[in-house]
Amino acid sequence: MDLGLQDKGVLVLASSSGLGKACAMEFAKEGARVMMFSSNKEKLEEAAAEIRETTGNAHIHTFAGDITKAEAIEQLVAEASRKLGRIDALVNNTGGPPAGGFGQFDDGAWQRAFELTLLSFVRSIRAVLPHMRKLGGGRIVNCTSSSVKQVIDNLLLSNTFRMGVVGLSKSLAAELAKENILVNVAGPGRIGTDRTRHLDTIKAEKLGVPRETVEAQSRALIPLGRYGTPDEFARLVVFLCSEANTYITGQTILVDGGLLKAY
């Protein structure tokens, strides 16, 4: 299947590692021009160099900044437009807020989680829409979590604001459909990333057991019997952002190996 991504401009947030990096890699394999974004400039450059070497795609660019700052998002999109020549697709992605329960977070923690997990998506979408409108269409994928279908214990902040992303995406899908801008949500389940290992470690310490025990318990709940890989998640994102996707919008699709039983 030709995904029609050759020389298209794609912006991938939080892409120095994990799911974001995997998405950037898969877009690069399809011949897209990719702008990668992260707060860690050194790590970002290393990831970009790896992608260029692996794919042979020289059109991989980077921009470092703070995803919670409006000016950084504005500068990122301006630079992406200049370097890529066009912005056909946006992949919104961010690291999760701290784990914990209700009594552990003050107003400052709630505000920081809001700015990280929801407002950053609002700002990046606002910034790219004029560029997509000039092209007569575009694709937006907002990466969240399987928690949008079933809450995850001890992740109160994430559970709350990820649902806000779903509401935003569903509303925008209807509002922007007439402009041929498709908006979807991709939710990872138990994917083998640093974030997942970190959460497994927290749970293991709380239970007083090795992390490997927690991982084994989690795998036992997944019908496919294993954690997913970042590239398995990335391939869904790439398809949703491609020209092969012409009629899927306003949807939340999980990549979870069958973990969740919810409809």
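# Briefing: a parallel sheet and its packed helices

Seven strands make up an open sheet with parallel pairing, in the order β3-β2-β1-β4-β5-β6-β7. At its edges are β3 (60-64) and β7 (252-255), each of which pairs on one side only. The model is predicted. Helices α1 and α3 both contact strands of the sheet, and the largest nonpolar core has 33 residues.

**Sheet**

- On average, neighbouring strands of the sheet are turned by 20° against each other, with direction ignored.
- Strand β1 (residues 9-12) runs parallel to strand β4 (residues 89-92), and three bridges join the two.
- Within this pair, L11 stands opposite L90 of β4.

**Helices on the sheet**

- Helix α1 (residues 18-29) packs on the sheet and touches β1, β2 (33-38), β3, β4 and β6 (181-188).
- The direction of α1 makes about 170° with that of β1. With angles over 145 degrees counted as roughly antiparallel, α1 is therefore roughly antiparallel to β1.
- Helix α3 (residues 70-84) lies across β1, β2 and β3 and runs at about 160° to β2.

**Nonpolar cores**

- In the largest core, of 33 residues, those with the most contacts inside it are F27, V34, M36, F233 and V237.
- Two or more residues of this core come from each of β1, α1, β2, α2 (41-55), β4, β5 (138-143) and α8 (230-240).
- Helix α1 gives the largest share of the core, seven residues.
- Leaving aside neighbours within four places in sequence, F233 contacts L19, C23, C143, A186, G187, P188 and V255.
- Another core, of 25 residues, lies apart from the one that holds F233. L90, V128, M132 and I140 are among its residues.

**Helix pair α3 and α4**

- The axes of α3 and helix α4 (residues 107-135) are 9 Å apart, and the two helices pack at an angle of about 30°.
- At that angle α3 is roughly parallel to α4, because angles under 35 degrees count as roughly parallel.
- The crossing of α3 and α4 is right-handed.
- On the α3 side, A70, I73, V77 and S81 meet R123, S124, A127, V128 and H131 of α4.

**Helix pair α6 and α7**

- Helix α6 (residues 194-207) and helix α7 (residues 211-221) cross at roughly 110°, and their axes come within 8 Å.
- The two helices are therefore roughly perpendicular to each other, as angles of 65 to 115 degrees count as such.
- The crossing of α6 and α7 is right-handed.
- R197, D200, T201, K203 and A204 of α6 make the contact with R211, V214 and E215 of α7.

**Buried residues in α4**

- T117 is in helix α4 and counts as buried, at 0% relative accessibility.
- Apart from neighbours within four places in sequence, T117 is in contact with T94, P97, F161, R162 and V165.
- S120 also lies in helix α4, and S120 is buried with a relative accessible area of 0%.
- The contacts of S120, leaving aside neighbours within four places in sequence, are I67, N92 and E115.

**Buried residues in β5 and β6**

- R139 is found in strand β5. Its relative accessibility is 10%, so R139 counts as buried, the cut-off being under 20%.
- Not counting residues up to four places away in sequence, R139 touches D88, A89, L90, M132, N180, L182, L240, C241, S242, E243, N245 and T246.
- R139 and D231 are 92 residues apart in sequence, and their C-alpha atoms are 19 Å apart in space.
- V183 is in strand β6 and counts as buried, at 0% relative accessibility.
- V183 and T249 are 66 residues apart along the chain, while 5.2 Å separates their C-alpha atoms.
- T249 is one of the residues in contact with V183, neighbours within four places in sequence being left aside. The others are I140, N142, S169, L172, A173, L176, G250 and Q251.

Technical notes
Residues numbered from 1 in each chain as written. Predicted model: local features only at pLDDT ≥ 70, side-chain atom pairs only at ≥ 80, totals over all residues. Heavy atoms only, no water. Pairing = 2+ DSSP bridges. Helix = DSSP H or I, 4+ residues; strand = E, 2+ residues; numbered from the N terminus. Axes fitted to C-alpha atoms, helices over the stretch in contact; angles between N-to-C directions. Contact = heavy atoms within 4.5 Å. Core = buried A, V, L, I, M, F, W, Y, C linked by side-chain atoms within 4.5 Å. Buried < 20%, exposed > 50% of the residue type's maximum accessible area, 1.4 Å probe, protein only. Left-handed = near helix turned anticlockwise from the far one by under 90°.
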